[in-house]
Amino acid sequence: MIRRPPRSTPKPSSAASDVYKRQPEGLLLHGTAVSVEKKGLLILGPSGSGKSRLALEMIVLGATLICDDRVWLKKAAVGLHLLAPERLSGSIEARGLGLLSSTSTTRIPLAYCLDFSLENAERLPLISYRTKLGHPIHILPGRPAVPQAAALILLLKNGFAKND
(Lines give C-alpha, C1' and ligand atoms only; values in the text may rest on other atoms or scores of the structure.)
Protein backbone atom coordinates (compact mmCIF):
# COMPACT_ATOMS: atom_id res chain seq x y z
CA MET A 1 0.00 0.00 0.00
CA ILE A 2 1.30 3.42 -1.00
CA ARG A 3 0.87 6.19 1.54
CA ARG A 4 0.40 9.66 0.19
CA PRO A 5 0.95 12.80 2.20
CA PRO A 6 -2.26 14.59 3.20
CA ARG A 7 -3.43 17.33 0.88
CA SER A 8 -2.85 20.76 2.21
CA THR A 9 -5.80 23.10 2.49
CA PRO A 10 -5.39 26.22 0.38
CA LYS A 11 -5.16 29.43 2.34
CA PRO A 12 -7.67 32.15 1.59
CA SER A 13 -6.19 34.73 -0.72
CA SER A 14 -7.61 37.76 0.97
CA ALA A 15 -5.98 41.11 1.55
CA ALA A 16 -4.52 39.59 4.75
CA SER A 17 -2.58 36.88 2.92
CA ASP A 18 -0.57 36.87 -0.30
CA VAL A 19 1.06 40.13 0.75
CA TYR A 20 4.37 40.62 -1.06
CA LYS A 21 5.36 43.78 0.76
CA ARG A 22 4.06 45.74 3.76
CA GLN A 23 4.58 49.42 4.33
CA PRO A 24 2.89 51.66 6.88
CA GLU A 25 0.94 53.35 4.09
CA GLY A 26 0.26 50.32 1.87
CA LEU A 27 0.29 46.65 0.94
CA LEU A 28 1.61 45.07 -2.26
CA LEU A 29 -0.87 42.26 -2.99
CA HIS A 30 -1.10 39.30 -5.36
CA GLY A 31 -4.12 40.36 -7.39
CA THR A 32 -5.53 42.17 -10.39
CA ALA A 33 -7.35 45.50 -10.45
CA VAL A 34 -9.59 47.28 -12.94
CA SER A 35 -11.57 50.51 -12.85
CA VAL A 36 -14.87 51.74 -14.21
CA GLU A 37 -15.72 55.45 -13.98
CA LYS A 38 -12.90 56.01 -11.45
CA LYS A 39 -14.11 53.23 -9.14
CA GLY A 40 -11.73 50.34 -8.55
CA LEU A 41 -12.29 46.60 -8.25
CA LEU A 42 -9.55 44.54 -6.62
CA ILE A 43 -9.67 40.87 -7.67
CA LEU A 44 -7.89 38.46 -5.31
CA GLY A 45 -7.38 34.70 -5.48
CA PRO A 46 -4.86 31.94 -5.90
CA SER A 47 -2.75 31.64 -9.05
CA GLY A 48 -4.81 30.23 -11.91
CA SER A 49 -8.17 31.08 -10.31
CA GLY A 50 -9.25 33.41 -13.13
CA LYS A 51 -8.33 36.91 -11.95
CA SER A 52 -6.75 37.97 -15.24
CA ARG A 53 -9.43 36.21 -17.32
CA LEU A 54 -12.20 38.13 -15.53
CA ALA A 55 -10.27 41.40 -15.86
CA LEU A 56 -9.80 40.78 -19.62
CA GLU A 57 -13.55 40.23 -20.01
CA MET A 58 -14.23 43.46 -18.12
CA ILE A 59 -11.68 45.39 -20.23
CA VAL A 60 -13.38 44.25 -23.45
CA LEU A 61 -16.64 45.61 -21.99
CA GLY A 62 -15.14 49.01 -21.17
CA ALA A 63 -13.23 48.70 -17.90
CA THR A 64 -9.66 50.02 -17.65
CA LEU A 65 -6.77 47.96 -16.32
CA ILE A 66 -5.02 49.24 -13.21
CA CYS A 67 -2.63 46.31 -12.87
CA ASP A 68 -2.32 42.55 -13.26
CA ASP A 69 -0.56 40.12 -10.92
CA ARG A 70 0.52 42.63 -8.25
CA VAL A 71 -1.38 45.65 -6.97
CA TRP A 72 -0.58 48.30 -4.40
CA LEU A 73 -3.35 48.99 -1.90
CA LYS A 74 -2.45 52.40 -0.43
CA LYS A 75 -3.92 54.74 2.15
CA ALA A 76 -5.41 57.93 0.76
CA ALA A 77 -6.84 61.05 2.38
CA VAL A 78 -10.23 59.33 2.11
CA GLY A 79 -10.33 55.52 1.87
CA LEU A 80 -7.91 53.31 -0.04
CA HIS A 81 -6.50 53.56 -3.56
CA LEU A 82 -5.29 50.93 -6.04
CA LEU A 83 -1.99 51.54 -7.83
CA ALA A 84 0.16 49.61 -10.27
CA PRO A 85 3.78 48.82 -9.44
CA GLU A 86 5.67 50.79 -12.07
CA ARG A 87 7.26 47.86 -13.91
CA LEU A 88 3.93 46.00 -14.27
CA SER A 89 1.84 48.87 -15.60
CA GLY A 90 0.13 48.42 -18.97
CA SER A 91 0.22 44.63 -19.40
CA ILE A 92 -2.06 41.73 -18.54
CA GLU A 93 -1.55 37.98 -18.83
CA ALA A 94 -3.75 35.97 -21.18
CA ARG A 95 -3.09 32.39 -20.06
CA GLY A 96 -1.93 30.28 -23.01
CA LEU A 97 -1.24 33.39 -25.09
CA GLY A 98 1.19 35.58 -23.12
CA LEU A 99 1.41 39.15 -21.90
CA LEU A 100 -0.84 41.60 -23.72
CA SER A 101 -0.55 45.38 -23.82
CA SER A 102 -3.46 47.29 -22.36
CA THR A 103 -4.18 50.90 -21.65
CA SER A 104 -4.02 51.40 -17.93
CA THR A 105 -4.72 53.95 -15.26
CA THR A 106 -3.26 54.63 -11.84
CA ARG A 107 -4.35 55.71 -8.38
CA ILE A 108 -8.02 54.77 -8.43
CA PRO A 109 -10.19 54.66 -5.27
CA LEU A 110 -11.09 51.12 -4.18
CA ALA A 111 -14.84 50.45 -4.36
CA TYR A 112 -15.02 46.65 -3.99
CA CYS A 113 -12.86 43.58 -3.58
CA LEU A 114 -13.82 40.27 -5.24
CA ASP A 115 -12.07 37.35 -3.54
CA PHE A 116 -11.98 34.03 -5.43
CA SER A 117 -10.97 32.21 -2.27
CA LEU A 118 -14.23 33.08 -0.48
CA GLU A 119 -17.33 30.96 -1.00
CA ASN A 120 -20.96 31.79 -0.49
CA ALA A 121 -23.72 29.50 -1.73
CA GLU A 122 -26.46 32.14 -1.36
CA ARG A 123 -28.13 33.33 -4.53
CA LEU A 124 -27.88 36.90 -3.24
CA PRO A 125 -24.86 36.81 -0.94
CA LEU A 126 -24.39 39.46 1.68
CA ILE A 127 -21.41 41.69 1.27
CA SER A 128 -18.85 41.41 4.04
CA TYR A 129 -16.35 43.95 5.29
CA ARG A 130 -12.73 43.74 6.40
CA THR A 131 -10.55 46.51 7.72
CA LYS A 132 -7.18 47.02 6.06
CA LEU A 133 -4.86 49.94 6.69
CA GLY A 134 -7.52 51.43 8.96
CA HIS A 135 -10.28 51.50 6.30
CA PRO A 136 -13.23 49.14 5.65
CA ILE A 137 -13.16 47.13 2.42
CA HIS A 138 -16.33 45.71 0.82
CA ILE A 139 -15.57 42.04 0.10
CA LEU A 140 -17.57 40.00 -2.44
CA PRO A 141 -17.25 36.20 -2.51
CA GLY A 142 -15.96 34.85 -5.82
CA ARG A 143 -17.11 31.25 -5.52
CA PRO A 144 -18.92 29.02 -6.34
CA ALA A 145 -20.38 31.34 -9.00
CA VAL A 146 -18.00 34.00 -10.31
CA PRO A 147 -19.97 37.19 -10.98
CA GLN A 148 -20.23 38.04 -14.67
CA ALA A 149 -17.97 40.76 -16.03
CA ALA A 150 -20.97 42.80 -17.22
CA ALA A 151 -22.60 42.60 -13.77
CA LEU A 152 -19.40 43.79 -12.08
CA ILE A 153 -19.17 46.76 -14.47
CA LEU A 154 -22.77 47.67 -13.66
CA LEU A 155 -22.01 47.35 -9.93
CA LEU A 156 -19.05 49.73 -10.26
CA LYS A 157 -21.14 52.21 -12.24
CA ASN A 158 -24.31 52.15 -10.12
CA GLY A 159 -23.72 50.25 -6.87
CA PHE A 160 -26.19 47.85 -5.33
CA ALA A 161 -29.96 48.43 -5.61
CA LYS A 162 -31.51 50.06 -2.55
CA ASN A 163 -33.74 47.77 -0.48
CA ASP A 164 -36.85 49.55 0.77
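**Exercise 1. The largest pocket**

Which elements, β11 and α2 among them, each supply at least two residues of the lining of the largest pocket?

*Solution.* Keep in mind that you are looking at a predicted model.

Step 1. Start with the space itself: the largest pocket holds about 800 Å³.

Step 2. Turn to the lining, which is made by 24 residues. Nearest the centre of the pocket lie Arg-123, Leu-124, Pro-125, Leu-140 and Phe-160.

Step 3. Now match the lining to the elements: β11 supplies at least two of its residues, and α2 does too.

**Exercise 2. The partners of β11**

Find the strands β9, β10 and β11, and work out in which sense, parallel or antiparallel, β9 and β10 each pair with β11.

*Solution.* Step 1. Take β9 and β11: these two pair in the parallel sense, over four bridges. One place to look is Glu-119, whose bridge partner in β11 is Arg-143.

Step 2. Take β10, residues 128–132: this strand pairs with β11 in the antiparallel sense, over five bridges. Here Thr-131 stands opposite Pro-136 of β11.

Step 3. Look at the turn of this hairpin. Two residues sit between β10 and β11, and Leu-133 takes a positive phi near 55 degrees.

**Exercise 3. The nonpolar cores**

Which residues touch the most other members of the largest nonpolar core, and which element gives the most to this core?

*Solution.* Step 1. The largest nonpolar core has 20 residues, and those touching the most other members are Leu-42, Leu-73, Leu-82, Leu-110 and Ile-137.

Step 2. List the elements that give two or more residues to this core: β2, β3, β4, β5, β6, β9 and β11. The one that gives the most is β9, with four residues.

Step 3. Zoom in on Leu-82. Beyond its neighbours within four places in sequence, its contacts include Ala-33, Leu-42, Ile-66, Leu-73 and Leu-110.

Step 4. Do not stop at one core: there is a second, separate one of 19 residues, with Val-34, Ala-55, Ala-63 and Leu-140 among them.

**Exercise 4. Two helices and their buried faces**

Find the buried residues of α1 and α2, and explain why they line one face of each helix.

*Solution.* Step 1. In α2 (residues 149–158), the buried residues are Ala-149, Leu-152, Ile-153, Leu-155 and Leu-156. Looking down the axis of α2, you find them within an arc of 160 degrees, so they line one face of the helix.

Step 2. Ask what covers these residues of α2: the cover includes β2, β3, α1, β9 and β11.

Step 3. Repeat this for α1 (51–60). Here Lys-51, Ser-52, Leu-54, Ala-55 and Met-58 are buried. Seen down the axis of α1, they too fall within an arc of 160 degrees, so they line one face of this helix. Their cover includes β2, β3, β7, β9 and α2.

Step 4. Check what comes just after each helix. Gly-159 follows α2 with a positive phi of about 75 degrees, and Gly-62 follows α1 with a positive phi of about 120 degrees.

**Exercise 5. Placing Leu-56**

Does Leu-56 count as buried or partly exposed?

*Solution.* Step 1. Locate Leu-56 in helix α1.

Step 2. Apply the cut-off: buried means under 20% relative accessible area. Leu-56 has 23% relative accessibility, so this residue counts as partly exposed.

Step 3. Look for its contacts. Leaving aside neighbours within four places in sequence, Leu-56 is in contact with Ile-92, Glu-93, Ala-94 and Leu-100.

Key
Residues are numbered from 1 along each chain as its sequence is written. This is a predicted model: local features need pLDDT of at least 70, side-chain atom pairs count only at pLDDT 80 or more; totals for chains, interfaces and linings use all residues. Side-chain values use heavy atoms; hydrogens and water are left out. A nonpolar core is a set of buried Ala, Val, Leu, Ile, Met, Phe, Trp, Tyr and Cys residues joined through side-chain atoms within 4.5 Å. Buried means under 20% relative accessible area, exposed over 50%, partly exposed in between (1.4 Å probe, protein chains only). Contact means heavy atoms within 4.5 Å. Two strands pair if DSSP finds at least two bridges between them. The arc is that of the directions from the helix axis to the C-beta atoms. On a 1 Å grid over the protein atoms alone, a cavity is a set of points where a 1.4 Å probe fits but cannot get out, and a pocket is an open set with protein on both sides within 12 Å along at least five of seven lines; lining residues have an atom within 4 Å of a point. Grid points are joined across faces, edges and corners, and a volume is the space filled by probe spheres set on the points.
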